[in-house]
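Student: I would like to study this protein model by asking about a helix pair and a cavity. May we begin with the structure itself?

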Amino acid sequence: MTPNLAGSGNADHRTDDGGRRHGEYKVPGGKLVVVDFDVVDARFANVSLSGDFFLEPDEALLDINRALTGLPESAASADISAAVAAALPEDAVLFGFSADAVAVAVRRALAKATGWGDHHWNVIAPSVLPTHLNVALDEVLTEEVGAGRRNPTLRFWDWEEPSVVIGSFQSVRNEIHPEGVARHGISVVRRISGGGAMFMEAGNCITYSLYLPQTLVDGISFAESYSFLDAWVMAALGKLGISAFYVPLNDIATEQGKIGGAAQKRLANGGMLHHVTMSYDIDADKMVEVLRIGKEKLSDKGTTSAKKRVDPLRRQTGLDRMDIVAAMMEVFSGRYGATPSVLTEAELAAARDRVGTKFGTDEWLHRVP
């Protein structure tokens, strides 16, 4: 279940019979960056950058090649990017790529960074589980992928009880209306990823979690990793007639309004969680009775009403929620060759234990008062 790396022949990176390294990186919404080089005495040699990008002045291509030549094989993405940026003339114009993109291609050539095609992906279809168990599974499965015991996996959530899932760093007191929570029987749960609160009733939103090795986003900035990891879902929405786009940092929107938000968590063992919730048929009146959504939260959103800010997928598509989920699974599987998977008994047992020791405790829920 570990990635197939050096010598794989994958288009993202390979080593030819002569030992020459080859790496490719397609910039999301941009151009293809390709780099070929040798490694001599643990340093880059005979570097050749190419691609379908645009670069002015023409001579800047040689500047980039010279900047990479002689760098140590152990150079981190940030060091490679900095060397390229420092070598470019002040009037250089890079269109469709960047110094960071060059660094990703180099790291892929070294099998330090991976592409989607380097991994065997799994997809877990939605099954109804308690919300506490869903957030516990996010931690357990991210750990499993980081440890190499599970393939990188896309998992769709399902649940029955009305819930609010708050971000790892949010304050319960500042985010929740206790009267509304009590009146509507809402379970309040804290997840491991950052970001804002999610109001979740049965069938009112589409939630998925992507568990991946951090090598997939090696060299990609934190901000850019959001849209990079959700390119497939933008394609799926496009097939359904929805023209969606990212609003930095982590909002997914259409011209009609916000439809979802993403959050991430990176673990020390190399695993990473990318988590997205999209509104399908949200009860906006109930949402504002449960969540405290103040003027400051909305101040840069161009609206004064939280209800106006959310535009559900049901209204935009007229499709059944599970039809949208099926379309998402189909696009993901088609793009990345993903195969179906299920939660193992060991994973479920570990998550149940984590609910008892962490996610179901007052200490975790109120860790930020």
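The questions and answers below treat one helix packing and one cavity.

Tutor: The model is predicted, with local features needing pLDDT of at least 70 and side-chain atom pairs pLDDT 80 or more, while totals for chains, interfaces and linings use all residues. Residues are numbered from 1 along each chain as its sequence is written, and side-chain values use heavy atoms, without hydrogens and water.

Student: How is α8 oriented to α13?

Tutor: Helices are DSSP runs of H or I with at least four residues, numbered from the N terminus. Helix α8 (residues 231-239) and helix α13 (residues 321-336) pack at about 125°, their axes 9 Å apart; axes are lines fitted to C-alpha atoms over the stretch in contact, and angles run from 0 to 180 degrees between N-to-C directions. Angles under 35 degrees count as roughly parallel, over 145 as roughly antiparallel, 65 to 115 as roughly perpendicular and the rest as oblique. Therefore α8 is, with respect to α13, oblique.

Student: How many residues of the contact of α8 with α13 are charged?

Tutor: Contact means heavy atoms within 4.5 Å, and the residues meeting include Trp232 and Lys239 in α8 and Glu330 and Arg335 in α13. Asp, Glu, Lys and Arg count as charged, Ala, Val, Leu, Ile, Met, Phe, Trp, Tyr, Cys and Pro as nonpolar, and the others, Gly among them, as polar. The contact has 11 nonpolar residues, no polar ones, and the number of charged residues is three.

Student: Which element gives the most to the lining of the largest cavity?

Tutor: A cavity is a set of points on a 1 Å grid over the protein atoms alone where a 1.4 Å probe fits but cannot get out, and lining residues have an atom within 4 Å of a point. β12 (205-213) and α13 each supply at least two lining residues. The element giving the most, with three residues, is α13.
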